[in-house]
Amino acid sequence: MRVEFQQELDALEAGFQEAGEIVVRSIRGVIDALRTQDVELCDEVIAFDDEVDDRYHALEKQIELVLARQTPVAGDLRLVLALLHSGLHVERMGDQCVTIAKLTKLSSHLDTRQTVVEGLVDMGERCAEMVKVSLTAFANRDIDQARGLHGLDDLVDRANRQVFKEVLGYVNDAEALEWGMRQITVARCFERIGDNAVDIGEQTAFLVTGEFAEFTDASH
Amino acid sequence: MTQMEAPRIDSSRIAEVSRGLDRSEVERREKVFTVSGLGVSYHGKPALEGVTLDVHKNTVTAFIGPSGCGKSTFIRCFNRMNDLIPGAKVSGTVLYHGEDLYSRDVDAVEIRRLIGMVFQKPNPFPKSIYDNVAFGPRVLGMQGSLEDRVEQALRRAALWDEVKDRLKDGALGLSGGQQQRLCIARALAVEPDVILMDEPASALDPISTTRIEDLMHELKRDYTIVIVTHNMQQAARVADMTAFFSVVVDEDGSGRRGILVEYDATTKIFTTPSDKRTEDYVTGRFG
């Protein structure tokens, strides 16, 4: 029944997963660029974001057509809505990677501080893991796995605070402080990627249960 | 008005138009029909079994389901139209404002005045537009100005402006959509309480369909509307409550009959239905 429609839904979901996998590669790229302070790699990550954007725009266009032509309801409608939201979250993660790459370039002429770099690399790896978990949970409609993202995000938030605290110690060293200030923004970008992964987890829960609820209250 | 001041809009009205009433709002309204364990058989063969549901005042209730699920059979129980079909037998109870609709004391003709019906194919009499609407009030000897009554009914059916200058013209000269609104006007002229509509727009073009759907939104302020539709999006657009009927086939394949699978707020049926069979039907995975 509705064979073509089902194929269209499958294609939408495959497009979303592909965009997600590409963003994981971007995150891996910025982690390597941070570790090695590789300016060329930063440029590659920046250029690579077009891949994410192209897939997001294609997904958005396809969703518009499916809504117009197939008028999905019930579980199908939730899938299409969840894909639209989650696709946007993935696109934003790509933008965060671009910002990290630009900041890394901007501060590449300054001396790095190993403690902070290690902290950022740790955050980046946790984020890449979170994005993979969010994509798998979505694909498997696994609410428990999606809820687990909240716990992983706490670790990213904690690392973000540690980076901030470390940079505060540079207050008497102007050059270190300039570098450190840029790294606080890098940490903030990773922190947002973690939040976006949690957002995708929330979309998974909506897809399965039909009710949208944030896993955490942002006011806490 | 300062820049940040929101314009005054009746948000509850917008919400009702865009999402229909929610279940608790519907259930707070007076019960017009209370159906319990209803079954219908034709010549001993069950067509519909075990239907229990309530229909509430000033709401639109839609019946959806695949062919043969008994939804048209069911809607005909509400004004005893099945009495007219040889071999039809109705079991269970249908209370209308608390009174047994199938009691011997009930006058089926009076019931059909209170509970009007509009059919799939517009069926105006081969008479003038005026006489079509005036027919019921004349037969029933209703008091008051007949002209006023006809005008009022045509206005309520959103047809007055199109026909006011040619009331003496034949009704069969109207377009299909106009004929259907004339049939609605004819039903309204005898001051009904409920309007039953069996696929009222399935023979109409999209513009005429939209007008009938707009009309349902208007009419539910004063009447209770029950509609059978094959068009699921139509149910989603107009109904506050939706009942999904399905067909069960006997294991030996000897018989098939309709059952009520799920009855809930339309928003629930089309977003998060409780029963997998409903989900399969509304998403087009079945039928």
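In chain B, helices α5(B) and α8(B) lie roughly parallel to each other, because their axes meet at an angle under 35 degrees. In this predicted model, the angle between α5(B) (residues 129–140) and α8(B) (residues 176–188) comes out at about 30 degrees, and the axes sit 7 Å apart. The crossing of α5(B) past α8(B) is right-handed. On the α5(B) side, the contact is built from I129(B), N132(B), V133(B), F135(B) and G136(B), while α8(B) brings in L182(B), A185(B) and R186(B). Sorted by class, the residues of this contact come to 5 nonpolar, 2 polar and 1 charged.

Helix α8(B) also has a sheet to deal with. It lies across β6 and β7 (194–198) of chain B, and its direction is at about 170 degrees to β6(B). Those two strands belong to an open sheet of 10 strands in chain B, with mixed pairing. Reading across, the order goes β5-β4-β1-β2-β10-β9-β3-β8-β7-β6. The edges are taken by β5 (99–100) and β6 (115–118) of chain B; each has a single partner strand, so one side of each has no neighbour in the sheet.

As for how the strands line up, strands of a sheet pair through backbone hydrogen bonds, and the sense can be parallel or antiparallel. Both kinds turn up here. Strand β1(B) (residues 31–42) and strand β2(B) (residues 45–56) are antiparallel, with 8 bridges between them. Within this pair, T34(B) faces D54(B) of β2(B). The two strands, β1(B) and β2(B), make a hairpin with 2 residues between them, and H43(B) in the turn carries a positive phi of about 50 degrees.

Strand β2(B) is also joined to β10(B) (residues 256–265), this time in parallel and through 2 bridges. Here L48(B) has G258(B) of β10(B) as its bridge partner. Elsewhere in the sheet, β3(B) (residues 60–64) and β8(B) (residues 224–228) run parallel too, sharing 4 bridges. In that pairing V60(B) is found opposite I225(B) of β8(B).

Turning to chain A, α2(A) (residues 39–70) and α3(A) have axes that come within 9 Å and cross at roughly 165 degrees. That angle is over 145 degrees, so α2(A) and α3(A) count as roughly antiparallel to each other. The crossing of α2(A) and α3(A) is left-handed. The contact of α2(A) with α3(A) involves 17 nonpolar, 3 polar and 6 charged residues.

The two chains meet through 10 residues from chain A and 11 residues from chain B. On the chain A side, the biggest contributor is helix α3(A) (residues 74–106), which supplies 4 residues. The class breakdown for the side of chain A that touches chain B is 5 nonpolar, 3 polar and 2 charged residues. Helix α3(A) thus shows up twice, in the packing with α2(A) and in the contact with chain B.

How confident is the predictor in all this? Chain A has a mean pLDDT of 93, with 98% of its residues at 70 or more. Among the elements of chain A, α3(A) has the highest mean pLDDT (97), and α5(A) (residues 143–168) the lowest (93). For chain B, the average pLDDT is 91, and 93% of the residues score at least 70. Where pLDDT is low, the predicted coordinates should not be read in detail. For the model as a whole, the scores are ipTM 0.74 and pTM 0.83.

Note on methods: Residues are numbered from 1 along each chain as its sequence is written. Chains are lettered from A and ligands numbered from 1 in the order in which they are written. This is a predicted model: local features need pLDDT of at least 70, side-chain atom pairs count only at pLDDT 80 or more; totals for chains, interfaces and linings use all residues. Two residues are in contact if their C-beta atoms, placed from the backbone, lie within 7 Å. Ala, Val, Leu, Ile, Met, Phe, Trp, Tyr, Cys and Pro count as nonpolar, Asp, Glu, Lys and Arg as charged, and the others, Gly among them, as polar. Axes are lines fitted to C-alpha atoms, for helices over the stretch in contact, and angles run from 0 to 180 degrees between N-to-C directions. Angles under 35 degrees count as roughly parallel, over 145 as roughly antiparallel, 65 to 115 as roughly perpendicular and the rest as oblique. A crossing is left-handed if the near helix is turned anticlockwise from the far one by less than a right angle, and right-handed if clockwise. pLDDT is the predictor's confidence in each residue, from 0 to 100. Two strands pair if DSSP finds at least two bridges between them.
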